[in-house]
Amino acid sequence: MSVSVRIDDTLVEQARTAAKAEFRTVQGQIEFWAKVGRAALDNPDLPASFIAESLISLAEPREEATPFVPRSRK
């Protein structure tokens with residue numbers, strides 16, 4: 001579904017810059033920021049950077065993921 005919304009020009013330009021650096025569309029960047037913001041409000045004890053990295057990792061294809069292997073105790 002597509003919905004038109006008004007967004008401040010400055011925010012759109014910031015999204016365009018971030019989107020280019022992160023290989024997303026401007027729409028995708030704004031959606032990502034919205035998801036991070038929503039998750040941050042739901043989880044105020046977690047740093048936004050942790051939330052962002054977690055969302056990015058969830059989008060990773062399973063076949064490209066590296067399994068977690070705990071360090072052995074000495």
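Buried here means under 20% relative accessible area, and that cut-off comes up again in the views below of this predicted model.

**View 1. The whole chain, three helices and no strands to look for.** Going from the N terminus, the elements of the protein chain simply read α-α-α, with 3 helices and 0 strands in total. If you like a quick shape check, a compact globule of 74 residues would have a radius of gyration near 11 Å, but this chain comes out at 16 Å. Along the principal axes, the C-alpha atoms fill a box of roughly 55 × 30 × 25 Å. Just 14% of the 74 residues count as buried. The chain exposes about 7,000 Å², and carbon and sulfur atoms supply 56% of that area. On the charge side, there are 10 positive and 11 negative side chains, and the centres of the two sets sit 6 Å apart.

**View 2. Q29, a buried glutamine in helix 2.** Q29 lies in helix 2. Is Q29 buried or exposed? Its relative accessibility is 0%, and because buried means under 20%, Q29 counts as buried. Setting aside neighbours within four places in sequence, Q29 is in contact with A15, A18, A19, E22 and R24.

**View 3. V26, also in helix 2.** V26 is another residue found in helix 2. At 24% relative accessibility, V26 counts as partly exposed. Its contacts, again leaving out neighbours within four places in sequence, are V12, A15, R16 and A19. A15 and A19 turn up in the contact list of Q29 as well. For a backbone yardstick, take V26 and L11: they are 15 residues apart in sequence, and their C-alpha atoms are 10 Å apart in space.

**View 4. F23, a loop residue with a positive phi.** Where does F23 lie? Look in the loop between helix 1 (9-21) and helix 2. Phi of F23 is near 55°, a positive value in a residue other than glycine. As background, most residues other than glycine have a negative phi. F23 counts as exposed, because its relative accessibility is 79% and the cut-off for exposed is over 50%.

**View 5. The largest nonpolar core, with helices 2 and 3 contributing.** Five residues make up this core: F32, V36, A39, I51 and A52. Helix 2 (26-42) and helix 3 (48-59) each supply at least two of them. Which helix gives the largest share of this core? That would be helix 2, with 3 residues. In general terms, nonpolar side chains tend to be buried together in soluble globular proteins.

**View 6. I51 and its surroundings.** I51 is one of the core residues, so to speak a handy place to zoom in. Leaving aside neighbours within four places in sequence, I51 is in contact with V36, A39, A40, N43 and L46. V36 and A39 from that list belong to the largest nonpolar core too. A40 has its place in helix 2 and, at 24% relative accessibility, counts as partly exposed. The C-alpha atoms of A40 and I51 are 7.0 Å apart in space, with the two residues 11 apart in sequence.

**View 7. L55, in helix 3 and touching core residues.** L55 lies in helix 3. It counts as partly exposed, because 27% relative accessibility falls between the 20% and 50% cut-offs. Which residues does L55 touch, not counting those up to four places away in sequence? They are F32, K35 and V36, and F32 and V36 are members of the largest nonpolar core. The C-alpha atoms of L55 and F32 are separated by 8.5 Å, while the residues are 23 apart along the chain.

Definitions and conventions. Residues are numbered from 1 along each chain as its sequence is written. This is a predicted model: local features need pLDDT of at least 70, side-chain atom pairs count only at pLDDT 80 or more; totals for chains, interfaces and linings use all residues. Side-chain values use heavy atoms; hydrogens and water are left out. Helices (H or I, at least four residues) and strands (E, at least two) are DSSP runs, numbered from the N terminus. The radius of gyration is taken over C-alpha atoms; the globule rule is 2.2 Å times the number of residues to the power 0.38. Buried means under 20% relative accessible area, exposed over 50%, partly exposed in between (1.4 Å probe, protein chains only). Accessible areas come from the Shrake-Rupley method with a 1.4 Å probe; for residues, only the protein chains shown count as cover. Lys and Arg count as positive and Asp and Glu as negative; His and the chain ends are not counted. The place of a charge is taken as NZ of Lys, CZ of Arg, CG of Asp or CD of Glu. A nonpolar core is a set of buried Ala, Val, Leu, Ile, Met, Phe, Trp, Tyr and Cys residues joined through side-chain atoms within 4.5 Å. Contact means heavy atoms within 4.5 Å.
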